[in-house]
Amino acid sequence: MSTIQNIEDLEPWLLDYVPESGRTALDVGANMGAFSRFLAKRFEQVIAFEPQPNITVELPTNVVLNNVAVGDEVGELELHLYRANVHASGGSVGDAVANDDRGLPVGSITVPITTLDAWAPFEVTDGAAHIDFIKIDVEGMEVAVIRGALDLLMDHKPILLIECHAIEHRDTLEKSLELMEYDLVRIPHPSPSVGPGHSWLYAH
């Protein structure tokens, strides 16, 4: 059985960037659900996306889990698997990512992929259709997720918390989000052993 992990222990430096309350939050790249469980305490509903089957532990009743990848296309995606399930990625094996310890893939699976724009309107309850917050942690596919969510971002203007796995990814995201009149804050990883390419971007 998977061990339940809390985001308060894993990445506590991110929690001040999450709104205290809201209607609907999206967790794109939910993995084992640590961030989803935290969001469930603050939002009426959380919609989680995680393409890896059978790794997400039990989630609160106000979390809707979708076993699908998110990017800038609708169809199928080859998902590369690594020793640690947190490193699974649909990006090219040679992509510039900060996880130098991931090693080579140990296999791959084919999973469905959608865009956030294609997914909307979301399966929401009690009329809580407005998207207030989106957390994105997709192991190098963060630019694709934003490319596939431009209509949603313009319509809802949610607060964003995005993990960036390369400096060029961060720079591309900043240019796109500034055009949508987002204010941006770079959040460096607090560990000195993590390279500058691995950081977070807060957009509000």
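Biologist: Which residues are linked in a network of salt bridges?

Modeller: In this predicted model, one pair to start from is Glu174 and Arg186, whose closest N and O atoms are 2.7 Å apart. Glu174 lies in helix α6 (residues 167–179) and Arg186 in strand β9 (residues 184–188), so this pair ties together parts that are twelve residues apart in sequence. The network of salt bridges that holds this pair links Arg170, Asp171, Glu174 and Arg186.

Biologist: Is Glu174 buried or exposed, and what is its relative accessible area?

Modeller: Its salt-bridge partner Arg186 counts as partly exposed at 47% relative accessibility. For Glu174 the cut-off that decides the matter is 20%, since a residue under that relative accessible area is called buried. Glu174 is therefore buried, with a relative accessible area of 10%.

Biologist: How many residues apart in sequence are the parts that Arg23 and Asp132 tie together?

Modeller: The side chains of Arg23 and Asp132 meet in a salt bridge, with an N to O distance of 3.3 Å. Arg23 belongs to strand β1 (residues 22–28) and Asp132 to strand β7 (residues 131–136), so the parts that this pair ties together have a sequence separation of 109 residues.

Biologist: Which of these two, Arg23 or Asp132, is buried?

Modeller: Arg23 is partly exposed, its relative accessible area being 39%. The other partner has a relative accessible area of 17%, and because buried means under 20%, the buried residue is Asp132.

Biologist: Where does Arg147, the salt-bridge partner of Asp72, lie?

Modeller: The closest N and O atoms of Asp72 and Arg147 are 2.7 Å apart, and both residues are partly exposed, with relative accessible areas of 37% for Asp72 and 49% for Arg147. The pair links distant parts of the chain, 75 residues apart, with Asp72 in the loop between β4 (69–70) and β5 (75–81) and Arg147 in helix α4 (residues 142–147).

Biologist: Which residues have the most contacts inside the largest nonpolar core?

Modeller: The largest nonpolar core has 32 residues. Leaving aside neighbours within four places in sequence, Ile134 is in contact with Leu26, Val28, Leu116, Leu152, Leu153, Pro158, Ile159, Leu160 and Leu161. A second, separate core of 21 residues includes Leu15, Phe35, Ala48 and Val63. In the largest core, the residues with the most contacts are Val28, Leu116, Ile134, Leu153, Leu160 and Leu177.

Biologist: What is the phi of Glu139, which is not a glycine?

Modeller: Most residues other than glycine have a negative phi. Asn31, in the loop between β1 and α2 (34–40), has a positive phi of about 50° although it is not a glycine, and Asn31 is buried, with a relative accessible area of 14%. Glu139 is placed in the loop between β7 and α4 and counts as buried at 7% relative accessibility. The phi of Glu139 is positive, at about 50°.

Biologist: Which residue has the backbone oxygen that the side chain of Asn62 reaches?

Modeller: Asn62 lies in the loop between β2 (43–49) and β3 (63–66), where Asn62 counts as buried at 18% relative accessibility. Not counting residues up to four places away in sequence, Asn62 touches Ala40, Phe43, Glu44, Gln45 and Val46. The backbone oxygen that its side chain reaches, at 3.5 Å, is that of Glu44.

Key:
Residues numbered from 1 in each chain as written. Predicted model: local features only at pLDDT ≥ 70, side-chain atom pairs only at ≥ 80, totals over all residues. Heavy atoms only, no water. Core = buried A, V, L, I, M, F, W, Y, C linked by side-chain atoms within 4.5 Å. Buried < 20%, exposed > 50% of the residue type's maximum accessible area, 1.4 Å probe, protein only. Contact = heavy atoms within 4.5 Å. Salt bridge = Lys/Arg side-chain N within 4 Å of Asp/Glu carboxyl O. Helix = DSSP H or I, 4+ residues; strand = E, 2+ residues; numbered from the N terminus. Polar contact = N/O pair within 3.5 Å; in protein donor to acceptor, adjacent residues only side chain to side chain.
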